[in-house]
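Please open the model in your viewer and keep the sequence panel beside it. This tour moves from one selection to the next and says what can be found at each stop.

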Amino acid sequence: MILGLKEMWRQKRKFSLIFVITLLIVLLSTLITGLADGLAYDNGATLRELDVESFQLSDDADGQLTRSFIELPTPDALTPLGVKSMTLVHGTKKQDATLFTLPKDSTIGPELDLAVGDVLVDPSFLGDVEIGDTVRDFASGYAFTIVGTTDGRYSHAPVIWATQDTWEAFQTASGQPAYVSAWLGKADTSLATMTKQDVVEAVPGYTAEQGTFTMMRGFLLFIGAFILTAFFYMLTLQKLPELGILKAIGIRPRVIGTALVIQVMATVLTASLLATVLTGFTGTFVPDAIPFRFDLGNVLAYGAIMAVLSLIGTLLPLWKLRRLDAADALGGIGQ
């Protein structure tokens, strides 16, 4: 350990360059992780905030709330949830949103002390419209009055919250049959029972989006470990004569190999910790329009994966050290 750290101190320029490159690769990976976590949360934030873990949906909905149509009445033991994607119009402006409804006395979601037709909107919905304005559903013409705000996002679109009474009035006005999108809670029904996470992952685009980010992070980690391996392999080749002298005076290969592993781990772990701090700091000034979310567990997990891949990458220079013959190294052979 002492040998490896002393070498890093005496060759600060070389190891500083390796450290900076490692830091940039790990930082890019953690920033992408933060963006992926932010998008994942934004895609189903409203569902994640519901105080329930079990959803009952129609069998042919494939877990998508907007595809689930369950005829009333709702069993007493369960809570009805209405979900519908719509385009809302205010003057000449149109904006997509998702309507979520729960009974007025429900404690599963936000407090809905609202009259029929009144809605709470996500703050991102405000802009061209303000609290007190009326917006209309483009398809049916039904009017909603904005009376307040509450955080809510679904499929990267703002959520508007209303009561079950508004849901029923909307269906009557638009000539739709009476239905709900899901029953919330556990019960023995003929419907498809799904967990909250299953419903979140069924949100349109969620799986493809997260799969893309996972692939990007995987390639970044692999490339970073490969670059780090190449750097330390080249350093090993450059100092073969010095390593030959160490072996000639009786230093065991295990000691030299341990010094190399310590150098790799010190570089990767320090870079990972610094990248974690920088990622957390980045999250404090990222604009609200960018769905960035700092999850310490996920960031540390990818830092740990980078450390493991880098440790595996040390097998190549360690293999070179194991085969090193002191006489050949001193004579320049094998370089």
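## Confidence and overall picture

Begin by colouring the chain by confidence: the protein chain averages a pLDDT of 83, and 88% of the residues score at least 70. This is a predicted model, and the confidence varies from element to element: strand β5 (residues 118-121) has the highest mean pLDDT, 95, whereas helix α11 (residues 326-331) has the lowest, 54. Where pLDDT is low, the predicted coordinates should not be read in detail.

Now switch to a cartoon view, in which the secondary structure of the protein chain comes to eleven helices and twelve strands. Of its 335 residues, 46% count as buried, and the chain exposes about 17100 Å², of which carbon and sulfur atoms supply 61%. If you display contacts with a separation of 6 or more in the sequence, 78% of them are accounted for by residues 24 or more positions apart.

## Strand β3 and its partners

Select strand β3, residues 79-90, and look for the strands that pair with it. Which strand is joined to β3 by nine bridges? That partner is β4, residues 93-102, and the two strands run antiparallel. Here His90 stands opposite Lys93 in β4, and the hairpin of β3 and β4 has two residues between the strands, where Gly91 takes a positive phi near 65°.

Next, add strand β11 (residues 182-184), which is antiparallel to β3 and joined to it by three bridges; in this pairing, Pro80 has Trp183 as its bridge partner. Then add strand β6 (residues 134-137), also antiparallel to β3 and joined to it by two bridges, with Leu88 and Asp137 as bridge partners. While you have these strands on screen, you may show their side chains, remembering that in a regular strand the side chains alternate between the two faces of the sheet.

## A buried threonine in helix α2

Move to helix α2 (residues 12-43) and select Thr33 within it. Is Thr33 buried or exposed? Thr33 is buried, because its relative accessible area is 0%, which is under the 20% limit for that term. Leaving aside residues up to four places away in sequence, Thr33 touches Arg217, Asn298, Val299 and Tyr302, so these four residues are worth displaying together with it.

## Three salt bridges

Side chains of opposite charge can pair when their charged atoms come close, and the structure holds three salt bridges.

- Select Arg153 and Asp42, whose side chains meet in a salt bridge at 3.0 Å, N to O. The pair links distant parts of the chain, since Arg153 belongs to strand β8 (residues 153-154) and Asp42 to helix α2, 111 residues apart. Both Arg153 and Asp42 are buried.
- Select Lys196 and Glu53, which form a salt bridge at 3.6 Å, N to O. Lys196 lies in helix α5 (residues 196-201) and Glu53 in the loop between α3 (45-49) and β1 (54-57), so the pair ties together parts that are 143 residues apart in sequence. Lys196 counts as buried at 10% relative accessibility, whereas Glu53 counts as exposed at 54%.
- Select Asp62 and Arg67, whose closest N and O atoms are 3.6 Å apart in a salt bridge. Asp62 counts as exposed at 55% relative accessibility, while Arg67 counts as partly exposed at 42%.

## Two loop residues with positive phi

Most residues other than glycine have a negative phi, and most peptide bonds are trans. Stay with Asp62, which sits in the loop between β1 and β2 (70-71) and has a positive phi of about 55° although it is not a glycine. Then select Ser155 in the loop between β8 and β9 (157-163); Ser155 is not a glycine either, and its phi is positive at about 55°. With a relative accessible area of 28%, Ser155 is partly exposed.

## A nonpolar patch on the surface

For the last stop, show the molecular surface and select Met215, Phe219, Phe222, Ile223 and Phe226, which make a nonpolar surface patch of about 600 Å². Which helix holds Phe226? Phe226 is in helix α6 (residues 206-238), and at 58% relative accessibility Phe226 counts as exposed, because the term applies over 50%.

Definitions and conventions
Residues numbered from 1 in each chain as written. Predicted model: local features only at pLDDT ≥ 70, side-chain atom pairs only at ≥ 80, totals over all residues. Heavy atoms only, no water. Helix = DSSP H or I, 4+ residues; strand = E, 2+ residues; numbered from the N terminus. Buried < 20%, exposed > 50% of the residue type's maximum accessible area, 1.4 Å probe, protein only. Contact = heavy atoms within 4.5 Å. Areas by Shrake-Rupley, 256 points an atom, 1.4 Å probe, with all protein chains shown as cover. Pairing = 2+ DSSP bridges. Patch = residues over 30% accessible without salt bridge, like charges linked within 9 Å, V, L, I, M, F, W, Y side chains within 5 Å. Salt bridge = Lys/Arg side-chain N within 4 Å of Asp/Glu carboxyl O. pLDDT = per-residue confidence, 0-100.
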